Amino acid sequence: MLFNSLVFAVFLPCALSIYWLLAKSFRAQNLFLLIASYLFYGWWDWRYLFLIAGCSGVNFIAALLIHRTTSPLLRKCSLAFCCLLCLCVLCIFKYYNFFIESFSALFQLVGIEWHPLLLKIMLPVGISFFTFQALSYTFDVYFNQLKPTRNAIEFFAFISFFPQLVAGPIERASNLLPQFQKARQFNPDVAQHGICLMIYGLFKKMVVADTLSVYVDQTFNNCAFFNSSLTCIIAAFFFSIQIYCDFSGYSDIARGVARLFGFELMLNFNRPYLATSFTDFWRRWHISLSTWFKDYVYIPLGGNRVHTGKLLRNLWIVFLLSGLWHGANWTFVAWGALHATFQTLAILRNKFFKVPTCHTFIQKVASILIVNIGVIFAWILFRAQDFSQLTTFLHTTIRGDYTPSLMALCAGMGPLHFGFCWCTVGLLAISYLFPADCKIEKPSHQLLFAALFILAIIFFGMPSGGEFIYFQF
Amino acid sequence: MRQLLYFVLSLCIITVSALALNDVLNQQLVLNSTASPSYKTHRLFLAPPEEEIPILGSSRAQAHYVPSLLSPNAFNYGIDGSGMYETLFHLKQAIRNQAKGPIIINLDPWGFHSEYTPRLMADYLLAAQAPTVQKELFGRHTLPANYWPGIRFYGTLRKNLASWMNNRKAITKRVDNGAVLLLTSRNATEWQYINEHIHAQSFSFAPSWEAPLNECCTQTTRPLIWVVGPTAPKWREQFTELPQLHNFIKHLKSYPNNHVIDLYTQTIDYTEADFADATHLNEKGAIRFTKQLKDLLHQILPQDF
C-alpha cells in the first residue's frame, strides 16, 4: 500500500477510527496496530508477511535468551545466531544474485567459465529497514541498554509499525518500544501537527519528486542522445532535490501518520542541503541510518578515539557498508566510497592544516556550496543504473558542450514541463520559509501552510508518480 | 478538540473546492484545445460534426496528417500512445456517426499487439458518459477515478495546459485541426543515437484481432482508407515479415469500400531530414506526406479530395 494511493486514503481514516475507539485498552490498540500493519504490508504481497513475522520472532526470542542467561558465551552465541539468521535472509533476498554475478564476472576475467544458479525472487519491500530495526533491539539488549519485552504483540507491532515499516525511519527500540508499553492519549495539537507533516510530505513526493523524476529519468536514460553538458548538470541537480523530497517526504508522512496514532518517530532529515561540512551532511541526512551505523558499527570498531589510520579504516568500513545497504550494485558501493573519500580529505585537512571555522555569512554560504557540489556529484553515482550509464553521463557532463538547444535543455519534455520543474524547486524553497519540521505555532499559519500545499498537490501533483525510491532498499 | 475539527473541516472545504476548480479548469482547457486527447474523444463520441473526414490512429496519425491540406472537413483524431485497439474503437464510433464521407485510418504495421485490449483510458475523461465508452471501454476495465467529477481530472492539468498552449503559440509543436506537427529536426549525432537504439520490429496479427477488424470493415458504406505511413530509413530496414504485411494489405483490400495506400513499403524517398524520430515525421515531412497522400486520395475519391 502506498501513502500516495487512494487505497491508503481509505485505509487511514478507517484504521484511525477503530484505533481510537479502542482507546480504553492500549493492549487492544497494539493488537489492532499489528493487524493493520500486516494488512498494510500484505497488501503488496501477503507471502512476505512470513518473512517479517519470522524476523520479529527470531529477534524476540534471541533478546529474551540474551537477557535471561548469565553465561557470556551463550549470550554471544544467541546474538551471533540471531544476527547470522537475519543477515542471511537479507543477503539471500538482496545480495545473493549480486555477489554471485560479481564472482562469475571475476572468474571470467581469469578465464574460468562459471554459470551459477541465480534466484528469481522479488526483493521484499523495506527488508533492510525492518531487519536493521529488529537487530538494533537485540544489540541494545545485548549491550544492556534495554530490557527486553515479554509481550510478543507489542514487539511484533513495534517491528511492523506500518507508518515506518517500508522506508523508515529505522526506529530504535529505546525510543519507540516504550511508546507501545503505555496508554496513548489523543492530543489535538499533536494530531494537527501530524496532518501538516503528512500534507508537506505528500507535497514533496507528489509535486516535487515526481515532477523532477520525469526530467531526471529522461536525461539519465538518454544522455548520449541529448548530448548536452548543461542538461546533465541540471539533471544531477534535479536528482539531488528529487531524492531528498522522495525520501524525506516519506519520512514526513510516516511521522505525521504516527502522530495521528499518538506516536512520536525520530526526525530523519534536518535540511541536509544546508550542511556546512560533509560530516554535518551525514548528521542531517537519513539520521536514523547514520546513527545506526555509528552506534552498531563505527563505535564498536573504535570510533574516532583511535589513531588516524584506524579512524580512516572505520570510516571507510561504515561508508562502504552504508553504500551496500542502499542496494546490490557496485554504483552504490562507489557512492559510499566517494563519501568516504570526502570524509578522509576533511580529516586529513583538519589534521595537517589549521582550518578556520565558518563564522561569516559568506564563509557559510561558500561551505554550503562546496558541500553541495560534492554531494550532487556523488548522487550521480547513486542514480546511475550501472557503470556504463555512469561513464556516459560523466563523459557528457565533463565534455563541456553548452550549445544552446531547447530540445536538449528540456530533455525532450517540452518547455512547459521544464519550466514547471523549476517552479516546484521554487515552491520547495518557499516551504523553507516556514519553521523547520512544520513546527508552526499559530493555528492560522498552520492552516495557511496546509492549504498552500494541498492546492499544490491538487493542481500539480502527479498521481502516477509511483513508488518511493527508498522502497527498493 | 474543537480547533482540530475546524482545522480538518477547513482543509476538507479547501480540498473539495480545489478539486472542483481543477475540474472546471481542465474542462475549459480541454474544450479549447483541439490537440488534447480528451477533446478528440469528446468530439468523436459526444459532439461529432455533421460532415467530417476523420483521421484516426496513434501518435503517427497525429503527427503525419495535416488536415487543412487534405480537406476543409478533415479532422485529425490521432492520439499519442494509443494502439490499434483504440483506433478500431474510434473507427467503430466514426462509422456510427452521421457523416457520410470517407474515414482515414493510419495503420501501424507493428501495432496489432498480441492482446486485443485497451491501453489508454485517461484520454476519455470527457467522453466517459457516452454509452459506447461506458459499455465497451470502461465496462471491461472499470477505472472509477475516470468517472468521478472532482478527481477524474486529477493530475492532468499540466498535460492539458501544454495542449492548450500548443494550440495557440507553439514553441516545439504546431497544431492544425487536431494534428500536432513536430517542429523538430535532428542533427547527425542524434540520428546516430536514434538508429543505434532501433529494435527490429515485425508485423504481428493475432487471431483475436480478426473479429473486430471484420466488424469495422463490413458494417459501413463509407469509404475506409487505410494508410500505412513512412518511417525513417533505418527503421524500415529493421522491419521484418514484409510478405505478411503485404498479405494483410491484400486482405484489407478485399473488403468492399476499403482502400489501402501503402507509403511504407512502396515509397522509400523519405530521408532522415523528414523525421523527428524513427517513426514520426516532422512538420516538413508531414506536409510532404500529406500532399503526396492527397494526390493519391484524389485518384481514388475525386469528389472528396
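## Exercises on a predicted two-chain model

Between domain 1 of chain A and domain 2 of chain A, the count of salt bridges is zero. The model is a predicted one, and the exercises below start from this domain contact.

**Exercise 1.** Describe how chain A is divided into domains and which residues meet where domain 1 and domain 2 touch.

*Solution.*
Step 1. Take the bounds: the domain assignment gives domain 1 of chain A as 6-185, and domain 2 of chain A as two segments, 189-276 and 358-472.
Step 2. Place the domains relative to each other: their centres, taken over C-alpha atoms, are 29 Å apart.
Step 3. Count the residues in contact: domain 1 of chain A contributes 26 and domain 2 of chain A contributes 17.

**Exercise 2.** Characterise the interface between domain 1 of chain A and domain 2 of chain A by buried area, polar contacts and the elements involved.

*Solution.*
Step 1. Begin with area: about 1,900 Å² is buried between the two domains of chain A, and carbon and sulfur atoms give 72% of it.
Step 2. Find the main contributors on one side: A:P163, A:A167 and A:P169 supply 25% of the area that domain 1 of chain A buries against domain 2 of chain A, more than any other three residues.
Step 3. Check the polar terms: salt bridges number zero, while five residue pairs, both members at pLDDT 80 or more, are in polar contact across this interface.
Step 4. Assign the domain 1 side to secondary structure: α1 (6-21) and α7 (173-180) of chain A are the elements that give two or more residues. The largest share, six residues, comes from α1(A).
Step 5. Sort that side by class: 19 residues are nonpolar, five are polar and two are charged.

**Exercise 3.** Repeat the analysis for the interface between chain B and chain A.

*Solution.*
Step 1. Count the contacts: 28 residues of chain B touch 35 residues of chain A.
Step 2. Take the area: the two chains bury about 2,800 Å² between them, with 75% from carbon and sulfur atoms. On the chain B side, B:F7, B:Y154 and B:R158 lose the most area to chain A, together 29% of what that side buries.
Step 3. Check the polar terms: the salt-bridge count between chain B and chain A is zero, and six residue pairs, both at pLDDT 80 or more, are in polar contact.
Step 4. Assign the chain B side: α1 (2-31), α7 (157-168) and α8 (188-196) of chain B each supply at least two residues. Of the elements, α1(B) gives the most, twelve residues.
Step 5. Sort the chain B side by class: 17 nonpolar, eight polar and three charged residues.

**Exercise 4.** State the secondary structure of each chain, and compare each radius of gyration with the value for a globule.

*Solution.*
Step 1. Chain A has 19 helices and zero strands. Its radius of gyration is 23 Å, close to the 23 Å that the globule rule gives for 473 residues, so chain A is as compact as a globular protein of that length.
Step 2. Give the extent of chain A: along the principal axes, its C-alpha trace spans about 70 × 65 × 50 Å.
Step 3. Chain B has twelve helices and seven strands. A compact globule of 305 residues would have a radius of gyration near 19 Å, and the 21 Å of chain B agrees with this.
Step 4. Give the extent of chain B: its C-alpha atoms fill a box of roughly 75 × 50 × 35 Å along the principal axes.

How values were computed:
Residues are numbered from 1 along each chain as its sequence is written. Chains are lettered from A and ligands numbered from 1 in the order in which they are written. This is a predicted model: local features need pLDDT of at least 70, side-chain atom pairs count only at pLDDT 80 or more; totals for chains, interfaces and linings use all residues. Side-chain values use heavy atoms; hydrogens and water are left out. Contact means heavy atoms within 4.5 Å. Buried area is the accessible area (1.4 Å probe) that two parts lose on being put together, summed over both. A salt bridge is a side-chain nitrogen of Lys or Arg within 4 Å of a carboxyl oxygen of Asp or Glu. A polar contact is a pair of N or O atoms within 3.5 Å; within protein, one must be able to donate a hydrogen and the other to accept it, and residues adjacent in sequence count only if both atoms are side-chain atoms. Helices (H or I, at least four residues) and strands (E, at least two) are DSSP runs, numbered from the N terminus. Ala, Val, Leu, Ile, Met, Phe, Trp, Tyr, Cys and Pro count as nonpolar, Asp, Glu, Lys and Arg as charged, and the others, Gly among them, as polar. Domain bounds come from an automatic or database domain assignment. The radius of gyration is taken over C-alpha atoms; the globule rule is 2.2 Å times the number of residues to the power 0.38.
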